[in-house]
Amino acid sequence: AADSGDAPDDASYFSVESSKLCREEKVAQAIEDIASTVRDQDDTQRALENYTEALEIRRSIDETGLSVAKTLRLIGRLHLQRKEWELAILRLEEELKILTNLLDERTPSIAYCYHSIGKAYEGKDDLRQALDYFERARKASDNAASAGSDIEFTHIMFDTGNILLQMSKESNLEGNDFQLALTCLKQAFDGYKTFYGETCVEVANTLFLQGELFYAHADYKTGINCFEEALRLYRLSLGEEHIKVARTLNLIGLCHLESGTDDDYAMECFDACLAILQSKGHEGTEDHACVLFYKAAAHEKKEQNDLAIVCYEGSVQYYQKLLGLDAMKIAVVLEKLGTCLLNDHEPEKAKVKLEEAIRIRKTHQADNDLETSEIWYGLGIAYCEEKEFNKSLDAYEKSYLLRQELLGESHVEVAQVLNNVGSVFARAGEYERASSPWNDALAMFRDAGLKDDNERVKTTLSNIALSRNLISVNKEGDS
């Protein structure tokens, strides 16, 4: 009775006014049925009005009864459909209060309520709160006798795994959370196969998330296997040119690119993704910006700087239109674009892009990490090439301090900054000042175990020898 939303057996129904109460309940049920009908016809505003009218009638009968909880659930889920997250939370929390007062914690209805509240928090991008409610839903479902035969349990497992994955994109999942995400997605995979069949879209969606999870943990081989199977199912169920096919091709390409297994196939995947997006009118979307970013990286890896620059420029333009000028994603693309422009011997253009990347990161108070160190390092090169030597030294100092703090004082990347500082002094004609950072860099390289045939060591040794010769020549000229 509780799950169907019928009123519970209650002594009040057998009182003198029982016939009146029954009439009122029938009216409420009729109005609720109308609301559900118009909801299915996508008239959500009228449905909301009717549900609210039914709720008022039921509250006049029994303010804390299960019939009230049922109507609150319908209203809450309608707010979810309308993406009215705060209103959904308000109504669903009201439902939860009634349910927990009247029902055992193991009742599926309580698990479903937790799940719905979690979906509202997910809609608000409050991932931690969403995970908290999904976890409650999962635990309540685990205790429910019908969990193994209930599709709602499968949805809860899918959403828990998905939210853990989304959180991992902000910070790497620890071992226990990674295993929990895998377990939830495996249960969702098995559940969807049981309820909908082995070739359904829901199975493909679960495989896609598993692929993302393995990719996030650099298990590219397993990730590719998941994505390839998801791709097969998407093509079977949705057709060759569906957006989900394009997104899967994009991530298959990314796995191959980052693992180095097949750079040419990675490029084929990116091109196939782009062809679908262009064919289906998805140009200028976030998917388009994303695949251009990855395709640029593939060109950069092949040392095709001109093509990489074109793709990075397209990516940053689309992201700026979609996300605004100050989004962190734009700083990431600008750093890559700036580096490509440096490699293409365009320091003036590179400087503009890298300075803008720094500005964005400062706006987000995200300018104390290794990514920021890389940008300062690139700016050091750009300023030096433009003969702005003081600015170059300032940029290298910022990069040096960040690397020291984050990597350790004697790390080879710290030594590399010193090597470049020496080059700034040399470019300015101060060969004696150049010798000191070069010698310090050489000592650090050797302390790190690099041999004299290492490219960094060879370059530093060559720089030191050149500076000695130039110092000697200058002294002979003075005499």
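**Exercise 1. Describe how α18 passes α19, and work out the relative direction of the two helices.**

Solution. In this predicted model, the crossing in which α18 passes α19 is left-handed. For the direction, begin with the geometry: helix α18, residues 389-407, and helix α19, residues 412-427, have axes 9 Å apart and pack at an angle of about 170°. Angles over 145 degrees count as roughly antiparallel, and therefore α18 is roughly antiparallel to α19.

Next, take the residues that form the contact. On the α18 side these are F389, S392, L393, Y396, S399, Y400, R403, Q404 and L407, while α19 supplies E413, V414, V417, L418, N420, V421, V424, F425 and R427. Sorted by character, the residues of this contact comprise 11 nonpolar, four polar and three charged.

**Exercise 2. Carry out the analysis for helix α11 and helix α13, starting from the angle at which their axes cross.**

Solution. Helix α11 covers residues 243-259 and helix α13 covers residues 286-301; their axes cross at roughly 25° and come within 11 Å. Since angles under 35 degrees count as roughly parallel, α11 is roughly parallel to α13. The handedness is a separate matter, and here α11 passes α13 in a left-handed crossing.

The contact draws on I243, R247, N250, L254 and L257 from α11, and on D287, C290, V291, Y294, A297, A298 and K301 from α13. By class, the residues of the contact of α11 with α13 are eight nonpolar, one polar and three charged.

**Exercise 3. Find which residues of the largest nonpolar core touch the most other members, and follow Y312 into its surroundings.**

Solution. The largest nonpolar core has 121 residues, and of these Y312 and L379 touch the most other members. Y312 is found in helix α14, and its relative accessible area is 1%, a value under the 20% limit, so Y312 is buried. This can be set beside a general tendency: in soluble globular proteins, nonpolar side chains tend to be buried together.

Once its neighbours within four places in sequence are left aside, Y312 is in contact with F293, A296, A297, E300, V333, K336, L337 and C340. A second, separate core, of 20 residues, includes Y377, V412, W438 and L442. As a last step on Y312, consider its separation from E335: the two are 23 residues apart in sequence, and their C-alpha atoms are 9.9 Å apart in space.

**Exercise 4. Decide whether A218, E303 and G429 are exposed or partly exposed, and place each one between its helices.**

Solution. Take A218 to begin with, a residue other than glycine whose phi has a positive value, near 60°. A218 is placed in the loop between α9 (201-216) and α10 (220-238), and because its relative accessibility is 46%, it counts as partly exposed.

E303 likewise is a residue other than glycine with a positive phi, near 60°, and it lies in the loop between α13 and α14 (305-323). With a relative accessible area of 69%, which is over the 50% limit, E303 is exposed.

G429, finally, belongs to the loop between α19 and α20 (431-447), and its relative accessible area of 38% makes it partly exposed. From C-alpha to C-alpha, G429 is 9.8 Å in space from I471, although the two residues are 42 apart in sequence.

Terms used. Residues are numbered from 1 along each chain as its sequence is written. This is a predicted model: local features need pLDDT of at least 70, side-chain atom pairs count only at pLDDT 80 or more; totals for chains, interfaces and linings use all residues. Side-chain values use heavy atoms; hydrogens and water are left out. Axes are lines fitted to C-alpha atoms, for helices over the stretch in contact, and angles run from 0 to 180 degrees between N-to-C directions. Helices (H or I, at least four residues) and strands (E, at least two) are DSSP runs, numbered from the N terminus. Angles under 35 degrees count as roughly parallel, over 145 as roughly antiparallel, 65 to 115 as roughly perpendicular and the rest as oblique. A crossing is left-handed if the near helix is turned anticlockwise from the far one by less than a right angle, and right-handed if clockwise. Contact means heavy atoms within 4.5 Å. Ala, Val, Leu, Ile, Met, Phe, Trp, Tyr, Cys and Pro count as nonpolar, Asp, Glu, Lys and Arg as charged, and the others, Gly among them, as polar. A nonpolar core is a set of buried Ala, Val, Leu, Ile, Met, Phe, Trp, Tyr and Cys residues joined through side-chain atoms within 4.5 Å. Buried means under 20% relative accessible area, exposed over 50%, partly exposed in between (1.4 Å probe, protein chains only).
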